[in-house]
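Please look over this model with its backbone in mind. The report below takes up helices, turns and unusual peptide bonds.

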Amino acid sequence: FISADDRVAMDIAVAHLAHLGHRRIGLAIGPARFMPSARKHEGFVAALGTHLGLSASEARSWIAETIFSVEGGAAATGQLLEQGATAIVCGSDMMAIGAIRAARAAGHGVPHDVSVVGFDDSPLVAFLDPPLTTVRQPVAQMGSTAVAALADAISGDPVASREYLFAPELVLRGSTGPAVDRA
């Protein structure tokens, strides 16, 4: 079982936005029935508690569950903007593209009025306008670990049945900026 540490991913995204002065940070995420979504959900709630002092119930009110797509990101962002969010963390880069579209459709500039953070570091997000700040999964290391474990299993060597969590990293680009009070 090999994956990026989604809880850490949410912590570094929220810490970055809190450092920029954002206090109303939302999460646009896919269905909680999926393990990565559930872990991002948990990490986001914990991060809002750590960095902004929100209770778990307050933090959960800043989560918009949707589908993992551009349209899902747009729908969740619309909901979060109505609540007054000044920053949106998205469960995928595709959702972040939808978040940027929804923010612009509502008359907000990115990052001037609303900051957006994606997840994955898809190859083309550096070329968006603005280039997307995102959390990068260490895909190369995860892949080589999976191949090594598979090779061991094929050769009959015992493979530990445990989870390997890999540390993600924040890739800073142009879609995040200082908070502007819109209230």
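## After helix H4

Gly84 follows H4 and has a positive phi, near 100 degrees. This comes from a predicted model. Another glycine with a positive phi is Gly53, just after H2, at about 75 degrees.

## Helix H4

H4 runs over residues 70-82. Its 13 residues should span 18 Å at 1.5 Å a residue, and the end C-alpha atoms lie 19 Å apart, so the two values agree. The buried residues of H4 are Val70, Gly72, Gly73, Ala76, Thr77, Leu80 and Leu81. They sit on the same side of H4, because they cover an arc of only 160 degrees around the axis. An α-helix has 3.6 residues a turn, so residues three or four places apart point the same way.

What covers this buried side? The cover includes strands S2 (25-29), S3 (63-65) and S4 (87-90), together with helix H5 (93-105). The face of H4 turned away from the buried side carries Glu71 and Glu82, both exposed.

## Helix H2

H2 covers residues 35-52. For its 18 residues, 1.5 Å a residue gives an expected span of 26 Å; the end C-alpha atoms are 25 Å apart, which agrees.

Which residues of H2 are buried? They are Ser37, Ala38, Arg39, Lys40, Gly43, Phe44, Val45, Ala47, Leu48 and Leu52. Note that charged side chains are named here too: Arg39 and Lys40 are buried in H2.

## Positive phi at two aspartates

Most residues other than glycine have a negative phi, and most peptide bonds are trans. Asp120 is not a glycine, yet its phi is positive, about 135 degrees. Asp120 lies in strand S5. Its relative accessibility is 27%, so Asp120 counts as partly exposed.

Asp121 also has a positive phi, near 65 degrees, without being a glycine. Asp121 belongs to the loop between S5 and S6. Is Asp121 buried or exposed? Its relative accessibility is 17%, and the cut-off for buried is under 20%, so Asp121 counts as buried.

## Two cis peptide bonds

Where are the cis bonds? One joins Val110 to Pro111, with omega near 10 degrees. Pro111 is in the loop between H5 and strand S5 (115-120).

Another cis bond runs from Asp129 to Pro130, with omega near 0 degrees. Pro130 sits in the loop between S5 and strand S6 (133-136).

Notes:
Residues numbered from 1 in each chain as written. Predicted model: local features only at pLDDT ≥ 70, side-chain atom pairs only at ≥ 80, totals over all residues. Heavy atoms only, no water. Helix = DSSP H or I, 4+ residues; strand = E, 2+ residues; numbered from the N terminus. Expected span 1.5 Å × (residues − 1). Buried < 20%, exposed > 50% of the residue type's maximum accessible area, 1.4 Å probe, protein only. Arc of directions from axis to C-beta. Contact = heavy atoms within 4.5 Å.
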